[in-house]
Amino acid sequence: MNKWILIAVSLLLSSYGYADNDHHAKSPSFKSTQLTENIYMLQGKGGNLALLKGENGLLLIDADYKVMSDALKNALGKYGGVNNLNYLINTHWHGDHTQGNMALGHHAQIIAHDNVRARLLTTQEIKLFKMVSKPYPKHALPAITYAKRLSLHINDEDIEVVHFPKGHTDGDSVVFFKKANIVHMGDHFFSGMFPFVDVDHGGNVLNMAKNISLILEMIDDKTRVIPGHGPLSTKKELQAFHDMLIDTSAEVSAMKAKGLSLEEIQKKSLSKKWAAWEANSFFPANVWIGIIYSSL
Ligand SMILES: [Zn+2]
């Protein structure tokens, strides 16, 4: 690892909180944004959450870090409390979306793609962040898993949980609230910033862009788009994110085709037009270049 990668990783660890989860929380709490009469977006420390309430109890999408679990239980208090939580969907296995399973798995049925359960059953390591995820206890594992698509009909809502392969990881779900016209993208979408794509665990930048192009055809200009990270968005921001994936990949690919090494490409870097994206990101452009390079 060169110096810039090291700096990037330490920045990432402090802002993203991927590795050392217990030292950065300052009176953790959740911000709740009401999207419809019974659907909310919750934002804590890790990935964004969505909450559906109604007569069948609460359904939650993603569960944030372990260090946020008490705050999350507090936040659920407004909606009938954790005892009212019946369903928890994990969009993928990363700890900033699933560590809350430990606390919530006593209350809710956990639902995820087959590969999420497989990964949570065993030790996982994200080398870029020096992060190790130990096997989850039984109650914190998804009990209901699916391969391609799962439909839920609860609280007068039609929910489609759809697997998009080889995207951010190998087990990503995108969740559509069809009546409300809301989609939770999981980490297929970091709004306005360069994303982490977990190439070592089945993710791929180009295939993620392909998946997003399919999703763009499934939504419209009125769809509220909840990203895995970043602010509540619309189709417009998702389209811009898709185009950024394609265009930055093309820049790296063109330099690689000329015979430049990864280090040389990182030195030349991306064109200036991506400066605002880099400024919003959890890491600098050279980390993003490395992720693209390993996807080509
Ligand atoms: Zn993730």
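This passage describes the sheets, two helix contacts and two loop residues of a predicted model.

The seven-stranded sheet is considered before the others. Seven strands form an open sheet in the order β1-β2-β3-β4-β5-β6-β9, and the pairing within this sheet is mixed. Its edges are formed by β1 (31–34) and β9 (144–146), each of which pairs on one side only. From one strand to the next, the twist averages 20 degrees. In general, the strands of a sheet pair through backbone hydrogen bonds, and the pairing is either parallel or antiparallel. Both senses can be followed in the strands from β2 to β5, as described below.

Strand β2 (residues 39–43) runs antiparallel to β3, and the two are joined by four bridges. Within this pair, L42 has L49 of β3 as its bridge partner. The connection from β2 to β3 is a hairpin through five residues. Strand β3 is also joined to β4, by three bridges, and these two strands run antiparallel. Here the bridge partner of A50 is I61 in β4. A hairpin is again formed, with five residues between β3 and β4. The turn of this hairpin contains G57, which has a positive phi of about 90 degrees. On the other hand, strand β4 (residues 58–61) pairs with strand β5 (residues 85–89) in the parallel sense, over four bridges. In this pair L58 stands opposite L85 of β5.

The side chains of β3 were also examined. In a regular strand, side chains alternate between the two faces of the sheet. In strand β3 (residues 49–52), L49 and L51 point one way, while A50 and L52 point the other way. All of these residues are buried. Two of the β3 residues have already been named as bridge partners: L49 is paired with L42, and A50 is paired with I61.

A further open sheet has five strands, in the order β10-β11-β12-β13-β14, and its pairing is also mixed. The edge strands are β10 (149–154) and β14 (224–226), and each of them pairs on one side only. On average, neighbouring strands of this sheet are turned by 15 degrees against each other, direction ignored. Within the sheet, strand β11 (residues 157–163) and strand β12 (residues 173–177) run antiparallel and are joined by five bridges. In this pair E160 stands opposite F176 of β12.

Two loop residues have backbone angles that deserve a separate note. D64 is not a glycine, yet its phi is positive, at about 60 degrees. This residue is found in the loop between β4 and α2 (69–77). D64 counts as buried because it has 30 C-beta neighbours inside 10 Å, the cut-off for a buried residue being 20 or more. D156 is likewise a residue other than glycine with a positive phi, here near 60 degrees. Its position is in the loop between β10 and β11. With 13 other C-beta atoms within 10 Å, D156 is partly exposed.

The helix contacts involve α7 in both cases described here. Two packed helices are described by the angle between their axes and the distance between the axes. For helix α6 (residues 205–218) and helix α7 (residues 235–257), the axes come within 10 Å and cross at roughly 150 degrees. The two helices are therefore roughly antiparallel to each other, since an angle over 145 degrees counts as such. Their crossing is left-handed. On the α6 side the contact is made by V205, L206, M208, A209, I212, S213 and L216. On the α7 side it is made by K235, L238, Q239, H242, L245, I246 and S249. By class, the residues of this contact divide into nine nonpolar, four polar and one charged.

The axes of α7 and helix α10 (residues 285–295) also come within 10 Å, and they cross at roughly 70 degrees. This makes α7 roughly perpendicular to α10, because the range for that term is 65 to 115 degrees. Helix α7 contributes T248, S249, V252 and K256 to the contact, and α10 contributes W288, I289, I292 and Y293. The contact of α7 with α10 has five nonpolar, two polar and one charged residues. S249 of α7 takes part in the contact with α6 and in the contact with α10.

Notes:
Residues numbered from 1 in each chain as written. Predicted model: local features only at pLDDT ≥ 70, side-chain atom pairs only at ≥ 80, totals over all residues. Axes fitted to C-alpha atoms, helices over the stretch in contact; angles between N-to-C directions. Parallel < 35°, antiparallel > 145°, perpendicular 65-115°, else oblique. Left-handed = near helix turned anticlockwise from the far one by under 90°. Contact = placed C-beta atoms within 7 Å. Nonpolar A, V, L, I, M, F, W, Y, C, P; charged D, E, K, R; others polar. Pairing = 2+ DSSP bridges. Buried ≥ 20, exposed ≤ 12 C-beta atoms within 10 Å, placed from the backbone.
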